[in-house]
Amino acid sequence: MSETSANAATPADAEDPILTVRDLRVFYGTPRGAARAVDRVSLTIRPGETLGVVGESGSGKSTLGRGILRLLPEGTGVDGEVLYKGQNLVKMTPDQLRRMRGPELGLIFQEPMTRLNPLLRIQEHFEEALKQHHPELKRDELRRRALAALGRTGIPPTRYRQYPHEFSGGMRQRIMIALALVLNPTLLIADEPTTALDVIVEAQIIRLLADLKKTTGTAVMLITHNLGIVAEACDRVAVMYGGKIVEEGDARSVFADPQHPYTQALLRSTISLETTELHTIPGAPPSLINPPQGCLFSPRCGHAMKVCARKAPAEQRLEDGRRVECWLHCPGAIPAGEEAPLERQEITVADEA
Amino acid sequence: MAGGGSSLKSYLLVRTLLVIPTIFILLTLVFVLMRVAPGNPVSAALGGHVPQAVIQEISHRLGYDRPLYQQFGSYLWNLAHGDFGATITDKRQVSDIILVNGAATLELTLAAAIVALAVGIPIGLIAGRFRDRPIDAASRIFGIIMYAMPVFVLGLLAQIVFGSWLGWLPISDQASPMTSALMTTHTNLLLVDAVIDGDWDSFWDVLQHLVLPAGTLGLVFAGVFVRLVRINVIRTLKDDYIEAARARGIREQAVVYRHAFRNALVPVITVIGLEIALLMGGAVLTETTFNWPGIGHALYTYLQNRDYAAVQGIVIVFGLVVVFASLLVDILSALIDPRMRYQ
Ligand SMILES: Nc1ncnc2c1ncn2[C@@H]1O[C@H](COP(=O)(O)OP(=O)(O)OP(=O)(O)O)[C@@H](O)[C@H]1O
Ligand code: SF4
Ligand SMILES: [Mg+2]
């Protein structure tokens, strides 16, 4: 099933992917057992492309982003392939991996307020990062590059020698972005970069990321649970549920015509938020330690069939290049008699309409 | 730097001015506590067999027969003029005790503080950095033992091992009698005096005498610093900016040294100030154990002799040291932490 995604490059997008993730699994050790936060995820990102990653809280978005850089707590299991420019990051030694972080793969975080060292000036942050990866650079050049990166994100040179606490949250996120960009990464992973910021600042940061993509050609993996942002800023979108990608494809087509019942429910929940009518997806996300049998969404899915609770659906590729993991898209493979609606013990989920 | 400097200045000014009411409260408290003690301080100090007339004569000379508010007034007046009064039992000037014995205590405390920091901080840093590894376990055992061990027990052990068994080091006094007799006094700090005179034999002798008491007191406090620094390193290593630095591919060594260690040590400075008070408490016990002619040793002697005039003077000095030490620490932390500098 992962083979389909590995050969994803259709003739239309001839450029080779810069990042190919194949069957990536990340499991956290917990006292109650392994939590499969990312479970057999495959995806590709091409140069200059923006991939949105959406899903409910706890669906494994951050774990996926960090798993690519292997920036995970000690004792976390990682399995599968993360191919970047032909090298498998999963197989790299810690030091090889460290050299990739920054100049190849950048990462910015949700809470900008605490991401800068309070005892160091902005200047010291930049000099440290640049010296680490380009020890040959002279002082003037360090400064020039740092100020150029800050300038691109709208921070004036006069503030170069200030301390982090002298900046607002939005400005600190701009600094974090500049600090990532100054190393010229090919891919920037942005983990909910605007969640902690107010709407106006959020819009500014998203516009900034979109502009950067145009001017620098940096590919972006934008993790968010704000679907509006994805529609606005992303080329493609991957929808995560319970550590898996359940639907992935061109952002506009996915939003116009969601194919997976979970995507449909997710879109409905945001639309109704805009009409101030509270409409959340009924039920709770699946346990990652003892996941339900079959399709992870089956306990909450309005279309669930008998087969869904027994066997996980295989990934299907639709004509528009989209990937979906749902039995509704491979009716031919459902064993006879198992197309019947799933009867559940609890009624809570069924009366969703 | 723009703008913020003035708020730092006003913070420092207010913090410094706060010393005045603090000292006033301290002095009042000491005065009240000393007068609350039952009985006539003179008869308490001189004992029952002194004729009543003599006691009254001395009480009158020392002003103990005047109304309390007058006593309080002249107490403050005298203190303000640097007159700490005299002891009853041996009629020494308290200011002389402060100068001579205080210098001995200062020498001991500073040396102990150096030992405590030099031992405690590196062990704490390494233990926190290598959490749950053998080195961490060892450091925790060290911390627990030092924490549980009373100063005088450790002192006694040190005396037995290094003094009696191995015979490497002197186990009491600040210098050998010969050295004391030969040295000239400049600062009352014997090591400094020896350096001033270029008298290296005396210097060596004094240093040898210093090793056991300072080592004992220092190791006990090193235990506190190990625990504190270790916890701070562990906490700091979980901070968001540490992860962000790793995400930029900063070498782990640099992450640990430049980011974690520096940030972990900021709160330690504050604690050093608090520890100074405890260190002086520890000095009393250490000085008695090692017969160190410090101010704690003097306090102990005068307490035994119930010389309240002497005790009062010494307690005030202890109080003043704590007040100024915490002032110093607050100023230092304000200068070190940029967040404090600007708010
Ligand atoms: N260090 C950890 N140890 C154990 N479990 C973890 C750890 N970090 C995350 N998890 C679990 O892994 C799952 C996925 O977490 P993750 O942070 O990747 O989700 P997310 O999609 O980013 O959610 P959010 O939208 O809230 O950021 C969650 O169930 C979470 O509880
Ligand atoms: S596989 Fe079944 S349960 Fe899962 S989303 Fe599709 S229809 Fe719903
Ligand atoms: Mg997250």
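**Exercise 1. Charges and overall form of chain B**

Find how far apart the mean positions of the 23 positive and 23 negative charges of chain B lie.

Solution. The model is a predicted one. In chain B, take the mean position of the positive charges, then that of the negative charges. The two points are 14 Å apart.

Next, set this beside the extent of the chain. The C-alpha trace of chain B spans about 85 × 60 × 40 Å along its principal axes. Its secondary structure consists of 16 helices and 0 strands.

**Exercise 2. Burial and contacts in chain B**

State what share of the 343 residues in chain B is buried, and what share of the surface belongs to carbon and sulfur atoms.

Solution. Buried means under 20% relative accessible area. By that cut-off, 44% of the residues in chain B are buried. The accessible surface of chain B is about 17,300 Å². Carbon and sulfur atoms hold 69% of that area.

Now turn to contacts. Consider pairs in chain B at least 6 apart in sequence. Of these contacts, 73% join residues at least 24 apart.

**Exercise 3. Positive phi in chain A**

Locate Arg40(A) and Lys85(A), and give the phi of Arg40(A) and of Lys85(A).

Solution. Start with Arg40(A). Its phi is near 55 degrees. Arg40(A) sits in strand S2, residues 33-45. Its relative accessibility is 38%, so Arg40(A) counts as partly exposed.

Then take Lys85(A). Its phi is about 45 degrees. Lys85(A) falls in the loop between strand S4 (77-84) and strand S5 (87-88). Arg40(A) is not a glycine, nor is Lys85(A).

**Exercise 4. The shell of ligand 2**

Sort the residues around ligand 2 by class.

Solution. The shell holds 13 residues. By class, 10 are nonpolar, 3 are polar and none is charged. Nearest come Cys295(A), Cys301(A), Cys308(A), Cys326(A) and Trp327(A).

Methods: Residues are numbered from 1 along each chain as its sequence is written. Chains are lettered from A and ligands numbered from 1 in the order in which they are written. This is a predicted model: local features need pLDDT of at least 70, side-chain atom pairs count only at pLDDT 80 or more; totals for chains, interfaces and linings use all residues. Side-chain values use heavy atoms; hydrogens and water are left out. A residue is near a molecule or strand if one of its heavy atoms lies within 4 Å of it. Ala, Val, Leu, Ile, Met, Phe, Trp, Tyr, Cys and Pro count as nonpolar, Asp, Glu, Lys and Arg as charged, and the others, Gly among them, as polar. Helices (H or I, at least four residues) and strands (E, at least two) are DSSP runs, numbered from the N terminus. Buried means under 20% relative accessible area, exposed over 50%, partly exposed in between (1.4 Å probe, protein chains only). Contact means heavy atoms within 4.5 Å. Accessible areas come from the Shrake-Rupley method with a 1.4 Å probe; for residues, only the protein chains shown count as cover. Lys and Arg count as positive and Asp and Glu as negative; His and the chain ends are not counted. The place of a charge is taken as NZ of Lys, CZ of Arg, CG of Asp or CD of Glu.
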